[in-house]
Amino acid sequence: MGLLLTELVPLLRRYCASQLARYGRGDWAEDMVQEIMLTVHLKLHTYDDAMPFLAWLYAVAKHKIIDALRRERMHHVPLEEAADVVDGGGEAPLAQRDLAQLLAQLKPPAGEIIQALKVEGASVKALAAQYGMSESNIKIVVHRGLRRLAEMMAKERA
Amino acid sequence: MRTDDLITLLSQTPPRRPPLRLSLAVVVAIAVTMVVNTLVLGLRPDIAMPPLSMAYKSVVLLTLAVIAGGILARVARPVATAGQGVIAAVLFALLVAGSLGWEWSHAAPTAILHSFVLPNFPFCLGAVTIYGAAAAGALTGLMRFYAPADERRAAAAIGFAAAAAGAVGYSIHCPIDSPSFVVVAYGLPIAWVTLASRMLLVRLIRW
């Protein structure tokens, strides 16, 4: 999975940058790449292996970009502020965030479990023993946490 | 969060187990509706010796549910896959039109229209709507695990499949098998559950 995502990043960066630049939102590219990668991880089962993978990937990317642009338009379009939004360079908020800060917003113990998996490299089995949960439950907590993380990223942008 | 951190995080996360297939979920919805219907409303009186007309009604409603389940499964992906939906829909329309034509050429209009003044008519409308709405709720929860390319279309497909499943479940209670009655008394609630789903469920299945 890691290899696949690593291979996808340059493609997604180029795609997001070119698409978002058309709407004056080139600075969102890195955040969008992250959001798309989370979505790829969560929705990979919707890929039909009879179809080209890149067609699926770009469909996911296109959907997320349109969704982000639509949400942004719904939330703030006052014309007088438009120039500020575009020129403000809008430092991508999430790209600057500390991972721990973001994970802390998840419902406990999802943040801790994801952090342990990522930072400490703990195994699912060890975490299951530590938290008194089954391995399946640990995986469910991680998946729900990732989904929540994706929602938080989406809301943050809106 | 840096993108590299995210890649590390995701690569250490086991892939999600695929959710229940939507076409299978429609079958489950039919089964559950049938059980609930049997427990709450009971079976039609002639279920032990069903007339041939009941087989017609069952075939029509089951075919509709299969078509709806197929549509639902196809619209749940970011890239819509090709299917035989148009051919199936045309064949289904021909089946219904043929049965309507046969009925209107063989039965008196007053006999056909009589079934619409019976209490069964509003009851059918209400029951299929309620079953359809309940099934739509369950299918919406499942659709959240998918990634429909067009969310409006997916929301409508949820309502269509749910109401079709509800209609199949309810049909084992209703003793009226007239093609005209089936088209109106089952078709109307299917249509409005589909329309209501298209308007109300879109926000719930965004991904």
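**Exercise 1. Work out how many residues each chain brings to the contact, and how much area is buried.**

Solution. Start with the residues: in this predicted model, chain A supplies 44 residues to the contact and chain B supplies 31 residues. Next, turn to area. The size of an interface is often given as the accessible area lost when the parts come together. Here chain A and chain B bury about 3300 Å² between them, and 65% of that lies on carbon and sulfur atoms.

**Exercise 2. Find which elements of chain A face chain B, and which of them gives the most.**

Solution. List the elements that give two or more residues to this side: they are α1 (2-21), α2 (29-43), α3 (53-75), α5 (99-104), α6 (110-120) and α8 (135-157) of chain A. Then pick the top contributor, which is α2(A) with 9 residues. Finally, sort this side of chain A by class: 23 residues are nonpolar, 9 polar and 12 charged.

**Exercise 3. Count the salt bridges and the residue pairs in polar contact between chain A and chain B.**

Solution. Take the salt bridges to begin with: with a cut-off of 4 Å between side-chain nitrogen and carboxyl oxygen, the count across the interface is 0. Now the polar contacts: 7 residue pairs qualify, both residues being at pLDDT 80 or more.

**Exercise 4. Describe the largest cavity and its lining.**

Solution. First, count: there is 1 cavity of 30 Å³ or more. Its space comes to about 50 Å³. Then look at the walls, where 10 residues line the cavity. Nearest its centre lie Thr46(A), Asp48(A), Met51(A), Trp56(A) and Val79(B). By class, the lining has 6 nonpolar, 2 polar and 2 charged residues.

How values were computed. Residues are numbered from 1 along each chain as its sequence is written. Chains are lettered from A and ligands numbered from 1 in the order in which they are written. This is a predicted model: local features need pLDDT of at least 70, side-chain atom pairs count only at pLDDT 80 or more; totals for chains, interfaces and linings use all residues. Side-chain values use heavy atoms; hydrogens and water are left out. Contact means heavy atoms within 4.5 Å. Buried area is the accessible area (1.4 Å probe) that two parts lose on being put together, summed over both. A polar contact is a pair of N or O atoms within 3.5 Å; within protein, one must be able to donate a hydrogen and the other to accept it, and residues adjacent in sequence count only if both atoms are side-chain atoms. Helices (H or I, at least four residues) and strands (E, at least two) are DSSP runs, numbered from the N terminus. Ala, Val, Leu, Ile, Met, Phe, Trp, Tyr, Cys and Pro count as nonpolar, Asp, Glu, Lys and Arg as charged, and the others, Gly among them, as polar. On a 1 Å grid over the protein atoms alone, a cavity is a set of points where a 1.4 Å probe fits but cannot get out, and a pocket is an open set with protein on both sides within 12 Å along at least five of seven lines; lining residues have an atom within 4 Å of a point. Grid points are joined across faces, edges and corners, and a volume is the space filled by probe spheres set on the points.
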